[in-house]
Amino acid sequence: MQFDYAKKRKHTIGKLVVMSLAIVLPIIAYFVLGFIYDAFDGNDPLDLEILRILVLVVFELVIAAKIYFYVRIITSEDFATNYFIKKNDERNVYIKQRATAFTMKFLLYVLALGMVIAGFFSQL
């Protein structure tokens, strides 16, 4: 498989535009949650305000990190080549597929066990 930098760059520019627009969403959510809380109670306790600010900062940092990563892919062809080759390596893909399959099997067994246990608590 040949690496096409121009195609990946164009795709990454689209992701960058979406992430640049998404940076406004946590700010909007911060104010909307504040208005909803004010409508019901009126006084905002300090711990809730700190939690809202913390969530806002964490989401903004995650989005900013993604934007930085996308800008780095767009500006540096070497970085983009190394990243996409490492990301699409067959060994890594195989390991991820095996881990996903194991997780799904494990969750099915846990859910089956949970259904059996929940059956004992049934009122019927």
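# Questions on a predicted helical model

Student: In this predicted model, D78, N82, I85 and K86 are exposed on the other side of α4. Which residues of α4 are buried?

Tutor: A residue counts as buried when its relative accessible area is under 20%, and as exposed when that area is over 50%. D78, N82, I85 and K86 are on the exposed side of α4, so the buried residues have to be sought on the side facing away from them. The buried residues of α4 are F79, A80 and F84.

Student: How many degrees around the axis do those buried residues cover?

Tutor: An α-helix has 3.6 residues a turn, so residues three or four places apart point the same way. The buried residues F79, A80 and F84 are put on the same side of α4, because the arc that they cover around the axis is only 115 degrees.

Student: How many helices does the protein have, and how many strands?

Tutor: Read along the sequence, the pattern of the protein is α-α-α-α-α, and α4, spanning residues 77-87, is one of these elements. The count is therefore five helices and zero strands.

Student: What radius of gyration does the protein have, set against a compact globule of 124 residues?

Tutor: The C-alpha atoms fill a box of roughly 60 × 45 × 20 Å along the principal axes, and 16% of the 124 residues count as buried. For a compact globule of that many residues, the radius of gyration would be near 14 Å, whereas the protein has 23 Å.

Student: The structure holds six aromatic pairs; what kind of pair do Y30 and F31 form?

Tutor: A pair of aromatic rings is described by the distance of the centres and the angle of the planes. For Y30 and F31 the centres are 5.2 Å apart and the planes stand at 75 degrees. Planes over 60 degrees apart meet the cut-off for this class, and so the pair is edge-to-face.

Student: Which member of that pair is buried, Y30 or F31?

Tutor: F31 has a relative accessible area of 44%, so it is partly exposed. Y30 is at 15% relative accessibility, and because the limit for buried is under 20%, the buried member is Y30.

Student: Where in the chain are F69 and Y83, which form another edge-to-face pair?

Tutor: The rings of F69 and Y83 are 4.8 Å apart, centre to centre, with 80 degrees between their planes. The pair links distant parts of the chain, as the two residues are 14 residues apart. Both are partly exposed, with relative accessible areas of 25% for F69 and 26% for Y83. F69 is in helix α3 (residues 46-75), and Y83 is in helix α4.

Student: Which residues form one aromatic cluster?

Tutor: F69 and Y83, the pair just described, both belong to the cluster. F79 is a further member, and the charged end of R72 sits over the ring of F79, 4.1 Å from its centre. The full cluster is F69, Y70, F79, Y83 and F84.

Student: How far is R52 from the ring centre of Y30?

Tutor: R52 lies in helix α3, and with a relative accessible area of 13% it counts as buried. Its side chain reaches the backbone oxygen of Y30 at 3.0 Å. R52 also lies over the face of Y30, and the distance to the ring centre is 4.2 Å.

Student: Which residue forms a salt bridge with D89?

Tutor: Side chains of opposite charge can pair when their charged atoms come close. The count for the structure is one salt bridge, in which the closest N and O atoms are 3.0 Å apart. D89 is buried, with a relative accessible area of 18%, while its partner is exposed, with 62%. That partner is R91.

Student: How far apart in space are V17 and Y70, C-alpha to C-alpha?

Tutor: V17 is found in helix α1 (residues 5-22) and is partly exposed, at 48% relative accessibility. V17 and Y70 are 53 residues apart in sequence, yet their distance in space is 9.8 Å.

Student: And how far apart in space are V57 and I27?

Tutor: V57 is found in helix α3, and its relative accessible area of 40% makes it partly exposed. V57 and I27 are 30 residues apart in sequence, and from C-alpha to C-alpha their distance in space is 9.3 Å.

Technical notes. Residues numbered from 1 in each chain as written. Predicted model: local features only at pLDDT ≥ 70, side-chain atom pairs only at ≥ 80, totals over all residues. Heavy atoms only, no water. Phe/Tyr/Trp six-rings, centres within 6.5 Å; stacked < 30°, edge-to-face > 60°. Buried < 20%, exposed > 50% of the residue type's maximum accessible area, 1.4 Å probe, protein only. Helix = DSSP H or I, 4+ residues; strand = E, 2+ residues; numbered from the N terminus. Lys NZ or Arg CZ within 6 Å of the ring centre and 35° of its normal. Salt bridge = Lys/Arg side-chain N within 4 Å of Asp/Glu carboxyl O. Polar contact = N/O pair within 3.5 Å; in protein donor to acceptor, adjacent residues only side chain to side chain. Arc of directions from axis to C-beta. Rg over C-alpha atoms; globule rule 2.2 N^0.38 Å.
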